[in-house]
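Thanks for coming. I will go through one model today, beginning with the contact between its chains and then moving to a few local features.

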Amino acid sequence: MKTSISQSQLTMLVGNFIFAGTLISVPQVLVQKAEQNTWMVPFIVLPVFVLLLLLAIGKKNQLQRIVGETKFEKIFGFLFGVYLAVAFIRDIRAFTDFVVTSLLPSTPIEVLMALSVLTIVYMSYAGIEVIARVTVIQFVVFAAIILFMPLLLLNEISLENVQPIFGMGSVKSLVQSSFLLFGWFGEVIVILLLLFHVNKKEGIRKSGVNGMIASTVLLVILIFMSLTVLGADIVKVSTFPNYQLIQQINITDFLDRLDLVIVTVWAPTLICKMALSLYCINISFGIAKGKDANFILPMGLFLGVFSIVLFKSNVQHLEFAFFSWPIIGLLFEVLLIGLFMLIRKRTKKNHRSETEGG
Amino acid sequence: MEGTLLVWVIIITYVVLHRKKEKQVSKNTIGTMMLILAGTLSLLFPFQLGLDVIIEFVNDTLGSFTRTVVTG
């Protein structure tokens, strides 16, 4: 199993990791706060995490593989595993809820969960390189569809829906809305586990930032289109606003069910994201153990079952994703970045003392 | 139903991890058989776990905090 990826693959992995999960329902809660100005929210969040990412990664010569030798490394691995496990549970439940609500209403959620988990496990077993290759194919196609979306929806756009732009009191609502997006955007920290799989250390920071920029641009386009086509009043009450948005595409009379085609492209991007999560969970717990772990199948099945047993209903899951995740995610992200910096500093110090001593 | 699922996942996990460790399951056949029996019984008498109280608690505490932050 090869475990090396290129920088462009890292960019796509990061972009897909942030974007694929965020687009399901998050725009709804963002619009509830910032209304017609919501499309600006990702632009506010982006610089914060670019700065945090640059701080965390530091200089390329300070990067060394984390294998779980010291206590700090083990804690880092364990916390990262828990963080990704919670994100995995959240994502798989979001995916199965979406399929049950919109596509297969009479299929039991347990069956959908089992099928999704088995696919994800199969992908994760194949390794980072396979995950990266599949992600590149799916993400590029999906990004192209989103970039074309303004053209496909040209006949439905009404710019009055995003006016007034930046009215009185917008700053407060934008900041509040940004707070809800922090936890989701912070998932970029997965790059800290992928750093050591990149074949060239030069330009890793650039790849991470490019991935974030790509996901920000795509998210802004989607939110802007949702607002202009559906209007803030509909988006704030719609569980799957982007799905509702793509249902509005009707080019002539015979091309009016493009939503299914687009969902067929989107679903694999989310599966790629979850496969990467599961792969990284395995790495994290391996770091915590201090040796290579192989928990992919059991962990996937456990987390899949937990995605059903932990949430009584779709409403409880949405409540968790909208209001609990921003806090949980942010806490873990800040903690993990801090720990990574600490480990990096200690490695640098040890390296220096070895050089001076030897 | 959810309890049944969990029991079967525990069985699969046990078998997979044990096989990885020992390269065979036969060393602890009784344990495996007991687990499979438990799984079969849980199929006959499906049970609920009620673990959703965890998320309910998280939503009531952290979720409420976020609500206060974004509305305050």
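Let me begin with a pair of charged residues: R67(B) forms a salt bridge with E319(A), and the closest N and O atoms are 2.9 Å apart. This pair crosses between chains, with R67(B) in helix 3 of chain B, residues 52–71, and E319(A) in helix 14 of chain A. Before going further, please keep in mind that this is a predicted model.

Is R67(B) buried, partly exposed or exposed? R67(B) has a relative accessible area of 33%, so it counts as partly exposed. E319(A), on the other side, has 24% relative accessibility and is therefore partly exposed as well. The cut-off for buried is under 20%.

How many salt bridges does the rule find across the interface of chain A and chain B? There are 2. Besides the R67(B) and E319(A) pair, there is a salt bridge between the side chains of E56(B) and K312(A), at 3.3 Å from N to O. As background, side chains of opposite charge can pair when their charged atoms come close.

The rule also finds 9 residue pairs in polar contact across this interface, with both residues at pLDDT 80 or more. On the side of chain A that touches chain B, the elements giving two or more residues are helix 5 (109–126), helix 7 (170–185), helix 13 (296–309) and helix 14 (314–357). By class, that side of chain A has 20 nonpolar, 4 polar and 5 charged residues.

For the totals, 29 residues of chain A are in contact with 28 residues of chain B. The area buried between the two chains is about 2,600 Å², and carbon and sulfur atoms give 72% of that.

A few words on chain B by itself. Chain B has 3 helices and 0 strands, and from the N terminus on its elements run α-α-α. Of the 72 residues in chain B, 29% are buried. Among contacts in chain B with a separation of 6 or more, 69% are between residues 24 or more positions apart.

Now to chain A, and helix 4, residues 71–103, where R90(A) lies. R90(A) has 1% relative accessibility, so it counts as buried. What does R90(A) touch, leaving out residues up to four places away in sequence? The list is W184(A), E187(A), K273(A), H317(A), F320(A), A321(A) and W325(A).

R90(A) also forms a salt bridge with D91(A), with the closest N and O atoms 2.8 Å apart. The two side chains make a polar contact as well, at 2.8 Å. Both D91(A) and R90(A) are buried. There is more to this group: R90(A), D91(A), E187(A) and K273(A) are linked in a network of salt bridges.

Helix 4 of chain A holds another charged pair, R93(A) and D97(A), which are 4 residues apart, about one turn of the helix. Their side chains meet in a salt bridge, at 3.0 Å from N to O. An α-helix has 3.6 residues a turn, so residues three or four places apart point the same way. Both R93(A) and D97(A) are buried. Over all chains, a search of the whole structure finds 10 salt bridges.

R93(A) comes up again with S307(A), which touches I89(A), I92(A), R93(A) and M113(A), not counting residues up to four places away in sequence. S307(A) lies in helix 13 of chain A. At 1% relative accessibility, S307(A) counts as buried.

Next, helix 12 of chain A, residues 258–289. This helix has 32 residues and reaches 47 Å from its first C-alpha to its last, close to the 46 Å expected at 1.5 Å a residue. Helix 12 is mostly covered, with 25 of its 32 residues buried. Following helix 12 is G290(A), whose phi is positive, near 90°.

I will finish with two backbone features. Most residues other than glycine have a negative phi, and most peptide bonds are trans. E35(A) is not a glycine, yet it has a positive phi of about 45°. E35(A) sits in the loop between helix 2 (26–34) and helix 3 (41–57) of chain A, and with a relative accessible area of 31% it is partly exposed.

The peptide bond from Q163(A) to P164(A) is cis, with omega near 0°. P164(A) is in the loop between helix 6 (128–152) and helix 7 of chain A.

That is where I will stop.

How values were computed:
Residues numbered from 1 in each chain as written. Chains lettered and ligands numbered in written order. Predicted model: local features only at pLDDT ≥ 70, side-chain atom pairs only at ≥ 80, totals over all residues. Heavy atoms only, no water. Contact = heavy atoms within 4.5 Å. Buried area = accessible area lost by both parts, 1.4 Å probe. Salt bridge = Lys/Arg side-chain N within 4 Å of Asp/Glu carboxyl O. Polar contact = N/O pair within 3.5 Å; in protein donor to acceptor, adjacent residues only side chain to side chain. Nonpolar A, V, L, I, M, F, W, Y, C, P; charged D, E, K, R; others polar. Buried < 20%, exposed > 50% of the residue type's maximum accessible area, 1.4 Å probe, protein only. Expected span 1.5 Å × (residues − 1).
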